[in-house]
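These are notes on the model, set out as numbered points. They start with the chain overall and then take up the sheet, one of its residues and one helix.

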Amino acid sequence: MRFPWQNENRISGDTVDLKEERTSRPSAFNDYVRTVYFGIYEHGRNEKIGECDLRVGMNDELYYAGNIGYRIYERYRGHSYAYEACRLLLPLAYHDYHMPEVIITCSPDNTPSRRTLEKLGGELISEEKVPVWHWLYKRGEKVKRIYKFVEGLHVV
């Protein structure tokens, strides 16, 4: 028996699939950055376990926020789902969106995220104080570890 969701356009991985949910057009509201939003699903199932997004381009805001953001729902954490989602997003960024490098950031005290970025082979380029004007600062994130990914120099 086939379910309707099985015909959806998904990017399929080993343990997770990504389903594009929406795209925001560049505007003054998002600092002229196109963002593609994905749901993260357990592979082959219609169970949404998290969300991620790809922010196309680079500017001062993205240096601290990164080109890729992800969130795994609490009950699904601890299974490397964020790692698997990034493994699917990085080639998409390089090939479909022509991004020669990708920045992903995390807070220094977010050990699971730091481990994810290191496992992916990211190069830690800096640990920076977040400027007071940045939306991350306004939500309490004062320092970010900034990792750079370049095609061919990481695990995918």
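1. A residue is called buried here when its relative accessible area is under 20%, and exposed when that value is over 50%. The model is predicted. By that cut-off, buried residues make up 46% of the 156 residues in the chain. The accessible surface comes to about 8900 Å², and carbon and sulfur atoms hold 48% of that area.

2. The chain contains four helices and eight strands. Read from the N terminus, the elements follow the order β-β-β-β-α-β-α-β-α-β-α-β. Among contacts with a separation of 6 or more, 56% are between residues 24 or more positions apart.

3. Five strands make up an open sheet in the order β1-β2-β3-β4-β5, with antiparallel pairing. The edges are β1 (10-12) and β5 (68-72); each has a single partner strand, so one side of each lacks a neighbour in the sheet. From one strand to the next, the twist averages 25 degrees. As a general point, strands of a sheet pair through backbone hydrogen bonds, in either a parallel or an antiparallel sense.

4. Within this sheet, β3 (residues 34-42) and β4 (residues 48-56) pair in the antiparallel sense over eight bridges. The two strands form a hairpin with five residues between them. In the turn, G44 has a positive phi of about 75 degrees. One of the bridge pairs joins G39 to E51 in β4.

5. How many of the nine residues of β4 are buried? Seven are, so β4 is largely enclosed by the rest of the structure. Strand β4 also pairs with β5, again in the antiparallel sense, over five bridges. Here G50 stands opposite I72 in β5.

6. T35 lies in strand β3, where R55 in β4 stands opposite this residue. Is T35 buried or exposed? Its relative accessibility is 7%, and the cut-off for buried is under 20%, so T35 counts as buried. Leaving aside residues up to four places away in sequence, T35 touches R22, T23, S24, D53, L54 and R55. The bridge partner R55 is thus also one of the residues in contact with T35.

7. In helix α3 (residues 111-119), the buried residues are S113, T116 and L117. Viewed down the axis of α3, they fall within an arc of 95 degrees, so they line one face of the helix. The general background is that an α-helix has 3.6 residues a turn, so residues three or four places apart point the same way. P112 and R115 are exposed on the other side of α3.

8. Against which elements do the buried residues of α3 pack? They pack against β5, α2 (81-96), β6 (101-106) and β8 (143-150). Of these, β5 is an edge strand of the five-stranded sheet described in point 3.

9. The two ends of α3 can be taken together. At the N-terminal end, N110 acts as a cap, with a side-chain oxygen 3.1 Å from the backbone nitrogen of S113. S113 is also one of the buried residues of this helix. Just after α3, G121 takes a positive phi of about 90 degrees.

Definitions and conventions: Residues are numbered from 1 along each chain as its sequence is written. This is a predicted model: local features need pLDDT of at least 70, side-chain atom pairs count only at pLDDT 80 or more; totals for chains, interfaces and linings use all residues. Side-chain values use heavy atoms; hydrogens and water are left out. Two strands pair if DSSP finds at least two bridges between them. Axes are lines fitted to C-alpha atoms, for helices over the stretch in contact, and angles run from 0 to 180 degrees between N-to-C directions. Buried means under 20% relative accessible area, exposed over 50%, partly exposed in between (1.4 Å probe, protein chains only). Contact means heavy atoms within 4.5 Å. The arc is that of the directions from the helix axis to the C-beta atoms. A polar contact is a pair of N or O atoms within 3.5 Å; within protein, one must be able to donate a hydrogen and the other to accept it, and residues adjacent in sequence count only if both atoms are side-chain atoms. Accessible areas come from the Shrake-Rupley method with a 1.4 Å probe; for residues, only the protein chains shown count as cover.
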